[in-house]
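The following exercises are to be worked with the sequence and the structure at hand. Each task is followed by a solution in steps.

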Amino acid sequence: MAFYFMAAMRMLHWEATLAVTRSSKEAVVHLSLDADSMFPIVTCALVHAELPLMHTHLLLLRQFAVADNPSGEVSYFLTTVEAAASFIMDFSGFEEETDY
């Protein structure tokens with residue numbers, strides 16, 4: 001499960017970097033997007049993904065895949081996805097209040 005998660009996150013990062021640079025693949029190797037740039041992209045991807053048990057999968061990844069190396073690349077991407085999922089859940093309950 002962690003292998004597929006990392007493959008998807010690396011592909012998303014690669015495609016986002018290509019879109020930002022709009023140049024050759026050689027230039028992309030030297031550019032890396034930070035969490036502030038990746039967060040809206042991951043949020044958009046999660047909104048359009050059909051993941052019925054997203055929180056369950058994230059919990060399993062956190063407990064089993066990241067338990068051995070909490071400071072690695074998997075943990076970094078997982079934290080970004082958890083933050084995006086939390087943002088979506090908080091935002092979906094938001095209703096605009098107007099005072100008339």
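**Exercise 1.** In this predicted model, determine which residues L58 touches, not counting residues up to four places away in sequence.

*Solution.* Step 1: Set aside the residues up to four places away from L58 in sequence. Step 2: List the contacts that remain, namely L78, V81, E82 and A85.

**Exercise 2.** Describe the largest nonpolar core: how many residues does it have, and which elements supply at least two residues each?

*Solution.* Step 1: The count for the largest nonpolar core is 18 residues. Step 2: The members with the most contacts inside this core are F5, M9, V42, L46, L58, L78 and V81. Step 3: At least two core residues come from each of α1, α3, α4 and α5. Step 4: Helix α5 gives the largest share, 6 residues. As background, nonpolar side chains tend to be buried together in soluble globular proteins.

**Exercise 3.** Characterise the largest pocket by its volume, its lining and the classes of the lining residues.

*Solution.* Step 1: The space in the largest pocket is about 370 Å³. Step 2: Its lining consists of 16 residues, and F5, A8, L46, L51 and V81 lie nearest the centre. Step 3: Two or more lining residues come from each of α1, α3 (35-48) and α4. Step 4: The largest share of the lining, 5 residues, belongs to α1. Step 5: Sorted by class, the lining has 15 nonpolar residues, 1 polar residue and no charged residues. F5, L46 and V81 are named both among the residues nearest the pocket centre and among the core residues with the most contacts.

**Exercise 4.** Find the salt bridges, taking 4 Å as the cut-off between nitrogen and oxygen, and state where each partner lies and whether it is buried or exposed.

*Solution.* Step 1: The search yields 2 salt bridges. Step 2: One joins E73 and R10, whose closest N and O atoms are 2.6 Å apart. E73 belongs to helix α5 (residues 73-92) and R10 to helix α1 (residues 2-21), so the pair links distant parts of the chain, 63 residues apart. Step 3: R62 and E82 form a salt bridge with closest N and O atoms 2.7 Å apart. Because R62 lies in helix α4 (residues 54-65) and E82 in helix α5, this pair ties together parts 20 residues apart in sequence. Step 4: For the accessibility, partly exposed means between 20% and 50% relative accessible area. E73, at 40%, is therefore partly exposed, and R10 is partly exposed at 46%. R62 is partly exposed at 27%, as is E82 at 26%.

Key
Residues numbered from 1 in each chain as written. Predicted model: local features only at pLDDT ≥ 70, side-chain atom pairs only at ≥ 80, totals over all residues. Heavy atoms only, no water. Salt bridge = Lys/Arg side-chain N within 4 Å of Asp/Glu carboxyl O. Helix = DSSP H or I, 4+ residues; strand = E, 2+ residues; numbered from the N terminus. Buried < 20%, exposed > 50% of the residue type's maximum accessible area, 1.4 Å probe, protein only. 1 Å grid on protein atoms, 1.4 Å probe; cavity = no way out; pocket = protein on both sides within 12 Å on 5 of 7 lines; lining within 4 Å. Points joined across faces, edges and corners; volume = space filled by probe spheres on them. Nonpolar A, V, L, I, M, F, W, Y, C, P; charged D, E, K, R; others polar. Core = buried A, V, L, I, M, F, W, Y, C linked by side-chain atoms within 4.5 Å. Contact = heavy atoms within 4.5 Å.
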